[in-house]
Amino acid sequence: MAAEPTTRELRALVAGYEFDRGHLLPALIAIQERYGYVSRRAMEALARQLGTTPALVYGAVSFYADFRTEPPPRREIVWCSGPACRLRGGDRIREALQHTLGLPLDGQSADGACGFRLGQCNGTCSEAPQVWLDGEVVGGLTVAAAVALAREVMEDGAS
Amino acid sequence: MNDRFAAIAAGARERRDASRSSGRPRIALCLDTSSRARGGEATLAALREAVAARGLDVEIATTGSWGFCWLEPTVSVRSAAGSRTVLYHSLTPDRVEEFLRAVIVEAGEFPELALGVVEGPATDRIGLLRDHPFMRGQVRRLMANCGRIDPASIDDALANRAYEGFVTALDMEPAAIIELMLESGLGGRGGGGFPAGRKWDFLRNATADPRYLVCNADEGDPGAWVNRILMEGDPHLIVEGMLIAALATHAVEGYVYIRHEYPLAIERMNEAVRQARERGLLGEDILGSGKTFDLVVFTGAGSYVCGEETGLINSIDGYRGMPRIRPPFPAQAGLWNLPTNVNNVETYANAPLILREGAAWWSSVSDDDAKGTKMFTFSGAVNQSGCVEIPFGLSVRELLERYGGGVPGGVPLKGYQPGGPLSGILPAAEADLPLTLAPFRERGMFLGSGGIVFFDETASVVDLCTYFLGFAEDESCGRCTTCFQGTQRAVEILRRIASGGGRETDLDKLGDLIQTMIWSNCLHGQFAPTTVKLALREFRSEFETLIREKRDPTRSLPGMIAYEITNPTAPALAGAAAVCPTAAIVADGAGHAIVDELCIRCDACREVAPEAIAIRDRFA
């Protein structure tokens with residue numbers, strides 16, 4: 001992951017966005033797509049561009065589950081919280097993953113090696129119970145398979 | 001008929017016919033999100049590689065979903081003569097070689113994986129697709145093009161009658177379009193069922209300009225993916241529906257608000273909008289009519305309450321997606337406080353069919369009070385998790401048996417949730433209810449947007465309540481104390497009951513909370529406790545057993561069970577000890593023992609050593 005972007009880079013990235021045009025979310029999404037997260041500095045740059053306050057920008061950032069305020073981990077397990085997964089042992093998988101990774105939901109390790117995140121159902125329920133490993137579906141999981149996956153990710157992320 | 005449109009459509013048909021009569025066979029792989037989750041991209045890569053390696057002259061295309069989500073990747077093959085198409089399922093990369101040999105090299109068929117003949121006569125070994133048990137009884141109108149066309153190609157859509165309904169509407173007065181919508185009886189498909197024509201009429205009669213349309217494609221109900229199927233399978237149908245609404249309401253700009261969990265739908269809709277603009281179907285002076293309308297595809301960022309129309313409007317406006325206090329209603333003060341109409345994806349998608357085929361045709365599909373067809377997805381305790389389009393009125397049980405393939409393992413059905421985490425749950429005894437609006441409304445719940453979740457006797461209703469209330473708590477916007485504190489308090493009480501600490505007074509407390517939460521501003525808080533309300537009515541004994549006997553009949557609640565080793569010297573226990581995330585299985589003399597304080601009841605050990613480990617009641 002690149003170093004934290006400078007204010008100048010951030011201002012250039014958000015230069016085209018305007019307030020009262022529905023641009024706050026698109027701008028935040030563009031920042032996160034580019035840098036992987038929305039830093040405090042990014043919120044300040046965006047607030048200035050939109051003619052509003054950093055507090056309003058932070059209000060939106062903290063409201064939506066998808067925005068990160070620190071750089072993303074190198075490897076990430078997103079756990080599907082949907083009902084089809086739940087009915088097939090999804091919650092036991094969450095419990096096992098949390099303990100294996102030593103991370104709470106929406107937490108990541110201090111060294112940025114791996115993260116664990118809550119995901120919402122996207123309707124691929126025939127694969128339940130599932131997680132997304134770095135964006136790829138790993139479906140039809142058993143708890144034991146989830147534990148093995150988490151251990152592998154931790155080893156990978158550490159190296 | 002509009003001359004410009006006639007030329008555009010004729011061009012598209014010519015290109016389609018040229019592909020058909022090229023003498024090349026066509027392989028079309030479904031590559032929607034469900035197919036991707038089941039390895040669709042690997043199959044596509046394998047197909048391309050094998051075709052190149054063998055030097056075969058084949059057109060390879062991708063499509064949206066036919067609804068057979070549990071059998072992806074599905075693949076249709078059109079013969080070289082262009083007159084016969086067969087649909088196959090579960091084509092994994094390792095089967096690609098033999099598949100291609102059969103269907104292309106030998107120009108034959110592959111009955112083992114065949115679902116049915118899409119086009120052409122049936123044979124002894126492959127029946128017609130429409131006679132497939134999963135297709136029988138379905139009426140594919142909204143989904144008519146899903147699976148058949150390349151959703152990234154406006155030519156494919158135009159050759160299959162896209163935008164014809166809009167062109168019809170171009171020659172009509174706004175009032176006449178609304179009259180037709182009212183005549184059809186189309187109700188909002190997001191769950192409310194409010195007549196779409198009336199909603200459009202509110203916007204038509206608005207006094208301020210500019211005015212806006214919003215397509216609610218937030219589809220946040222876990223277990224519902226009907227909108228995703230449409231956006232990924234036939235995005236132009238939604239563009240066209242919004243164009244018709246724009247003509248009827250004088251709206252000049254529209255927003256399609258799609259949740260970020262649907263990246264492919266976002267891509268498809270963006271592509272469709274770009275292509276429609278290129279052909280002069282969006283933008284200024286559409287088809288030379290002097291009318292202006294354009295669309296923005298807007299990506300959400302993870303918030304369930306943004307599916308509530310005023311929360312969605314705040315989200316586009318650039319604020320926290322908190323539902324507003326109404327009135328004013330969106331038709332008076334919506335986006336940027338200007339008049340706005342919000343409809344669900346499926347609502348807009350019906351408009352082209354009504355304009356093209358007429359209200360009488362559209363509403364004659366069933367004699368149910370709710371008119372037209374409805375798409376449903378089903379998941380949970382089903383053998384087949386997929387998507388269908390059927391007339392209103394089929395019973396829930398028929399949906400489960402006929403399309404969902406019944407409950408796996410012959411376990412009895414315990415109940416179901418008809419429409420999202422706020423809609424509530426009903427017991428199996430109520431599975432004969434017809435899938436339409438009235439019976440659910442009568443029970444204080446709603447049919448919702450089309451995602452049905454089934455659960456069997458192994459599921460704990462208290463766990464389901466904890467899950468759905470926990471979801472509502474997580475997603476509460478924080479405006480109303482009744483909602484954000486009510487859900488929190490309910491979850492606390494439910495967790496207490498689920499872990500053996502329930503009190504006799506807890507059920508009354510939950511009852512009080514349910515009453516109080518009704519006073520929340522929006523549907524989220526008002527309906528968040530529906531699951532608990534219905535569970536207390538329909539499954540009360542389960543709560544009582546937990547509280548009074550400290551026993552969970554399903555033996556699934558982690559707080560109510562303990563694990564014990566029944567055969568300490570079983571060799572499999574070494575593997576169980578190795579997999580345990582908390583190292584709760586320790587060596588004990590010649591065998592193994594479980595340290596109860598460390599055990600998190602995740603069941604990993606029992607998966608590895610089922611013969612040596614058992615679950616017992618914790619408080620027995």
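These are my notebook entries on the interface, the cavities, the salt bridges and some backbone details of this structure.

**Entry 1: the model**

I am working from a predicted model, and I read its local features only where pLDDT is at least 70.

**Entry 2: where chain B meets chain A**

I began with the contact between the chains and found that 60 residues of chain B are in contact with 44 residues of chain A. The area buried between chain B and chain A comes to about 3,900 Å², and carbon and sulfur atoms give 60% of that area. On the side of chain B, I noted B:Ala301, B:Arg320 and B:Tyr467 as the residues that lose the most area to chain A, together 14% of what that side buries.

I then looked up the polar side of the interface, where the rule finds 25 residue pairs in polar contact, both residues being at pLDDT 80 or more. Which helix of chain B gives the most residues to the side that touches chain A? I found that this is helix α17, residues 461-475, with 7 residues. Sorting the residues on the side of chain B that touches chain A by class, I recorded 34 nonpolar, 15 polar and 11 charged.

**Entry 3: salt bridges**

My search of the whole structure gave 54 salt bridges over all chains, and across the interface of chain B and chain A the rule finds 3. I looked up a salt bridge between A:Arg92 and B:Asp603, whose closest N and O atoms are 3.5 Å apart.

Within chain A, I noted that the side chains of A:Asp91 and A:Arg94 meet in a salt bridge, at 2.8 Å from N to O. Why are A:Asp91 and A:Arg94 separated by about one helical turn? I put this down to their positions, because A:Asp91 and A:Arg94 are 3 residues apart in helix α6 of chain A, which covers residues 90-101.

**Entry 4: cavities**

I turned next to enclosed space, and counted 3 cavities of 30 Å³ or more in the structure. The largest cavity holds about 100 Å³ of space. Of the 14 residues that line the largest cavity, I listed B:Cys580, B:Cys599, B:Cys602, B:Asp603 and B:Cys605 as the closest to its centre. B:Asp603 thus comes up again in my notes, once in this lining and once in the salt bridge with A:Arg92. By class, the lining of the largest cavity has 11 nonpolar, 1 polar and 2 charged residues.

For the second largest cavity I wrote down a volume of about 80 Å³. Its lining includes the cysteines B:Cys477, B:Cys480, B:Cys483 and B:Cys522, and among the other lining residues are B:Val305, B:Pro323, B:Arg479 and B:His524. How does the lining of the second largest cavity divide by class? I recorded 6 nonpolar, 5 polar and 1 charged.

**Entry 5: backbone details in chain B**

Last, I looked up peptide bonds and torsion angles in chain B. A cis peptide bond joins B:Glu72 and B:Pro73, with omega at about -5°, and I placed B:Pro73 in the loop between β2 (59-63) and β3 (75-78). The bond from B:Pro327 to B:Pro328 is also cis, with omega near 5°, and I located B:Pro328 in the loop between α12 (309-317) and β9 (340-344).

I also noted B:His250, a residue other than glycine with a positive phi, near 65°. B:His250 lies in the loop between α10 (235-249) and β7 (253-258) of chain B.

How values were computed:
Residues numbered from 1 in each chain as written. Chains lettered and ligands numbered in written order. Heavy atoms only, no water. 1 Å grid on protein atoms, 1.4 Å probe; cavity = no way out; pocket = protein on both sides within 12 Å on 5 of 7 lines; lining within 4 Å. Points joined across faces, edges and corners; volume = space filled by probe spheres on them. Nonpolar A, V, L, I, M, F, W, Y, C, P; charged D, E, K, R; others polar. Contact = heavy atoms within 4.5 Å. Buried area = accessible area lost by both parts, 1.4 Å probe. Salt bridge = Lys/Arg side-chain N within 4 Å of Asp/Glu carboxyl O. Polar contact = N/O pair within 3.5 Å; in protein donor to acceptor, adjacent residues only side chain to side chain. Helix = DSSP H or I, 4+ residues; strand = E, 2+ residues; numbered from the N terminus.
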